[in-house]
Amino acid sequence: MKTHTNGTMKRMALWSLAGLALVGALGAAPVRIELPLEAPVLKPGPGRDIALSHCLTCHSAEYFTTQPLLPRAYWQGAVEKMQSKFGATVPAEQVAPLVDYLFGSYGKKP
Ligand code: HEC
């Protein structure tokens, strides 16, 4: 037997499903995305503030926290490279304390 009712019922069912989906979407809690803070990643020590303010503007701290233990000259070179090639703005008088910090924290065995 062919009726119109059948089609109407299907349509109604579809609409109520759409309604449920809408309620679900509206009722969902707002999505909160929290980015991990970089600051706690860096080891404490003198010079840390310099690194925080000048070395994390372009890349994450992992660029230096994951380096193998490297000599002071490497860190000196890295800071100079960041300045000359990429434009890191470390004031001249802060370069030495920064290199001390980087080498002391990431260039030597803890
Ligand atoms: C203006 C952007 C910028 C700033 C500021 C910056 N870097 Fe970088 N750094 C880069 C880029 C781009 C690379 C990737 C370079 C590459 O692949 O050769 C990099 C790579 C590195 C590396 C990986 C080794 C290497 O030579 O590629 C180290 C270590 C590093 N940065 C340390 C630092 C330190 C320490 C500071 C703070 C003085 C700093 N960066 C600030 C842009 C920056």
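This note sets out points on the fold, the fourth helix, the nonpolar core, the ligand shell and two loop residues of a predicted model.

1. Overall fold. The chain holds 5 helices and 0 strands, and its elements follow the order α-α-α-α-α from the N terminus. Of its 110 residues, 15% are buried. Among contacts with a separation of 6 or more, 71% join residues 24 or more positions apart.

2. Geometry of α4. This helix occupies residues 72–86. Its 15 residues should span 21 Å at 1.5 Å a residue, and the end C-alpha atoms of α4 lie 20 Å apart, which agrees with that expectation. After α4 comes Gly87, with a positive phi near 85 degrees.

3. The two sides of α4. Trp75, Ala78 and Val79 are the buried residues reported for α4. Viewed down the helix axis, the buried residues of α4 fall within an arc of 90 degrees, so they line one face of the helix. An α-helix has 3.6 residues a turn, so residues three or four places apart point the same way. On the other side of α4, Ala73, Lys81, Ser84 and Lys85 are exposed. The cover over the buried residues of α4 includes α5, which runs over residues 92–106.

4. The nonpolar core. The largest nonpolar core has 14 residues, and those touching the most other members are Ala51, Trp75, Val79, Leu98, Val99, Tyr101 and Leu102. Two or more residues of this core come from each of α2, α4 and α5. The largest share, 6 residues, is that of α5. Trp75 and Val79 thus appear both in this list of core residues and among the buried residues of α4. In soluble globular proteins, nonpolar side chains tend to be buried together.

5. Leu102 within the core. Which residues does Leu102 contact, leaving aside its neighbours within four places in sequence? The partners of Leu102 are Ala51, Phe64, Trp75 and Gly107. Ala51 and Trp75 are also named among the core residues that touch the most other members.

6. The ligand shell. The ligand is surrounded by 17 residues, the closest being Cys55, Cys58, Met82, Phe86 and Ala88. The elements giving two or more residues to this shell are α3 and α4. The largest share of the shell, 5 residues, belongs to α4. By class, the shell comprises 11 nonpolar, 5 polar and 1 charged residues. The helix α4 therefore contributes to the ligand shell as well as to the largest nonpolar core.

7. Leu69. This residue is placed in the loop between α3 (62–65) and α4 (72–86). Is Leu69 buried or exposed? Leu69 counts as exposed because 11 other C-beta atoms lie within 10 Å, where the limit for an exposed residue is 12 or fewer. Beyond residues up to four places away in sequence, Leu69 touches Gly107, Lys108 and Lys109. Between Leu69 and Gly107 the C-alpha to C-alpha distance is 4.3 Å, across a sequence separation of 38 residues. Gly107 is also a contact of Leu102.

8. Pro44. The loop between α1 (4–27) and α2 (48–54) holds Pro44. Pro44 is classed as exposed because it has 8 C-beta neighbours inside 10 Å. Although Pro44 and Ser105 are 61 residues apart in sequence, their C-alpha atoms are 8.3 Å apart in space.

Technical notes. Residues numbered from 1 in each chain as written. Predicted model: local features only at pLDDT ≥ 70, side-chain atom pairs only at ≥ 80, totals over all residues. Helix = DSSP H or I, 4+ residues; strand = E, 2+ residues; numbered from the N terminus. Buried ≥ 20, exposed ≤ 12 C-beta atoms within 10 Å, placed from the backbone. Contact = placed C-beta atoms within 7 Å. Near = placed C-beta within 6 Å. Nonpolar A, V, L, I, M, F, W, Y, C, P; charged D, E, K, R; others polar. Expected span 1.5 Å × (residues − 1). Arc of directions from axis to C-beta. Core = buried A, V, L, I, M, F, W, Y, C linked by C-beta atoms within 7 Å.
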